[in-house]
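User: Please take a close look at one part of this structure and walk me through how it is put together. I would like the residues named and the reasoning spelled out.

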Amino acid sequence: MTSKYATDAHETSMTTPYFLKGTKEGAPLEGQVPQTSIVVTASGGIPASCPDRVIFSSASAITLTWTDLRNLIGREVIFTQDGTNAVAHVITLPVNSINGNNRTVTFATNLAAFVRLSFARVGSTNLASVVGSSNVTLS
């Protein structure tokens, strides 16, 4: 689903739709819905069309801008590390965007570190809310 605030929407009217069989409540009948993922190995930010799971591998600090947050509104994204290069990765968001006055997520140097963020818009402010985390520090 694309947020009405997103700046990277894709036109899909000319493509063939594929549907999952599901219950009337929308739960899939034929197993789990696959998630998309990407491995980030450079510094900077995340791709414009961010997948459901972002895996860091030897990346230095990742910075998410207000535009990045606009593209993520209404979604949950899991940020985690790969099994080879578990270092103290850092995600920096705009000021006061995580659970009030926090803006950085620092990963511990172990493989169990992850954070699951849900992105929303409250008034004119884009926010990230921590849905789940393990071995990370918010500051």
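The part I have in mind is the open sheet, together with the aromatic residues that belong to it.

Analyst: A word on the source comes before the sheet: this is a predicted model, and the values that follow are computed from it.

The protein chain contains 1 helix and 9 strands. Read from the N terminus, the order of elements is β-β-β-α-β-β-β-β-β-β. Of the 139 residues in the chain, 32% count as buried. The chain exposes about 8,300 Å², and carbon and sulfur atoms supply 53% of that area. Among contacts with a separation of 6 or more, 53% are between residues 24 or more positions apart.

The sheet itself is open and consists of 5 strands in the order 1-2-4-7-8, with mixed pairing. At its edges are strand 1, residues 37-40, and strand 8, residues 125-134, each of which pairs on one side only. From one strand to the next the twist averages 25 degrees. As background, strands of a sheet pair through backbone hydrogen bonds, in either the parallel or the antiparallel sense.

The pairings can be followed from the strand 1 edge. Strand 1 and strand 2 run parallel and share 4 bridges. Within that pairing, Val-39 stands opposite Ile-55 of strand 2. Strand 2 is in turn joined to strand 4 by 4 bridges, and these two strands also run parallel. Strand 4, residues 76-81, then pairs with strand 7, residues 114-122, in the antiparallel sense over 5 bridges. One point in this pairing is Glu-76, whose bridge partner in strand 7 is Ser-118.

Arg-53 is a useful residue for seeing how strand 2 sits in the sheet. Arg-53 belongs to strand 2, which covers residues 53-56, and its bridge partner in strand 4 is Ile-78. The C-alpha atoms of Arg-53 and Val-77 are separated by 5.7 Å, although the two residues are 24 residues apart along the chain. Leaving aside neighbours within four places in sequence, Arg-53 is in contact with Gln-35, Thr-36, Ser-37, Ile-38, Ile-78 and Thr-80. Of these contacts, Ile-78 is also the bridge partner in strand 4. Arg-53 has 28% relative accessibility, so this residue counts as partly exposed.

Strand 2 also carries the residue at the centre of the aromatic part, Phe-56. The structure holds 2 aromatic pairs. In one pair, the rings of Phe-56 and Phe-79 have their centres 6.2 Å apart and their planes at 15 degrees; an angle under 30 degrees counts as stacked, so this pair is stacked. Because Phe-56 lies in strand 2 and Phe-79 in strand 4, the pair ties together parts that are 23 residues apart in sequence. Phe-56 has a relative accessibility of 1% and therefore counts as buried. Phe-79, at 0%, counts as buried too.

The other pair has a different geometry: the ring centres of Phe-56 and Phe-107 are 5.7 Å apart and the planes stand at 80 degrees, so the pair is edge-to-face. Here the cut-off is an angle over 60 degrees. Phe-107 lies in strand 6, residues 104-107, while Phe-56 lies in strand 2, so this pair ties together parts that are 51 residues apart in sequence. Both Phe-56 and Phe-107 are buried. Taken together, Phe-56, Phe-79 and Phe-107 form one aromatic cluster.

Two residues elsewhere in the chain round off the description. Thr-92 is placed in strand 5, residues 90-92. With neighbours within four places in sequence left aside, Thr-92 is in contact with Ile-62, Thr-63, Leu-64, Arg-103 and Thr-104. Its relative accessibility is 18%, so Thr-92 counts as buried, the limit being under 20%.

Asn-135 lies in the loop between strand 8 and strand 9, the latter covering residues 136-138. The phi of Asn-135 is near 55 degrees, a positive value in a residue other than glycine. For context, most residues other than glycine have a negative phi. At 37% relative accessibility, Asn-135 counts as partly exposed, because the value falls between the limits for buried and exposed.

Conventions:
Residues are numbered from 1 along each chain as its sequence is written. This is a predicted model: local features need pLDDT of at least 70, side-chain atom pairs count only at pLDDT 80 or more; totals for chains, interfaces and linings use all residues. Side-chain values use heavy atoms; hydrogens and water are left out. Two strands pair if DSSP finds at least two bridges between them. Axes are lines fitted to C-alpha atoms, for helices over the stretch in contact, and angles run from 0 to 180 degrees between N-to-C directions. Buried means under 20% relative accessible area, exposed over 50%, partly exposed in between (1.4 Å probe, protein chains only). Contact means heavy atoms within 4.5 Å. Accessible areas come from the Shrake-Rupley method with a 1.4 Å probe; for residues, only the protein chains shown count as cover. Rings of Phe, Tyr and Trp (its six-membered ring) pair if their centres lie within 6.5 Å; planes under 30 degrees apart count as stacked, over 60 as edge-to-face and the rest as tilted.
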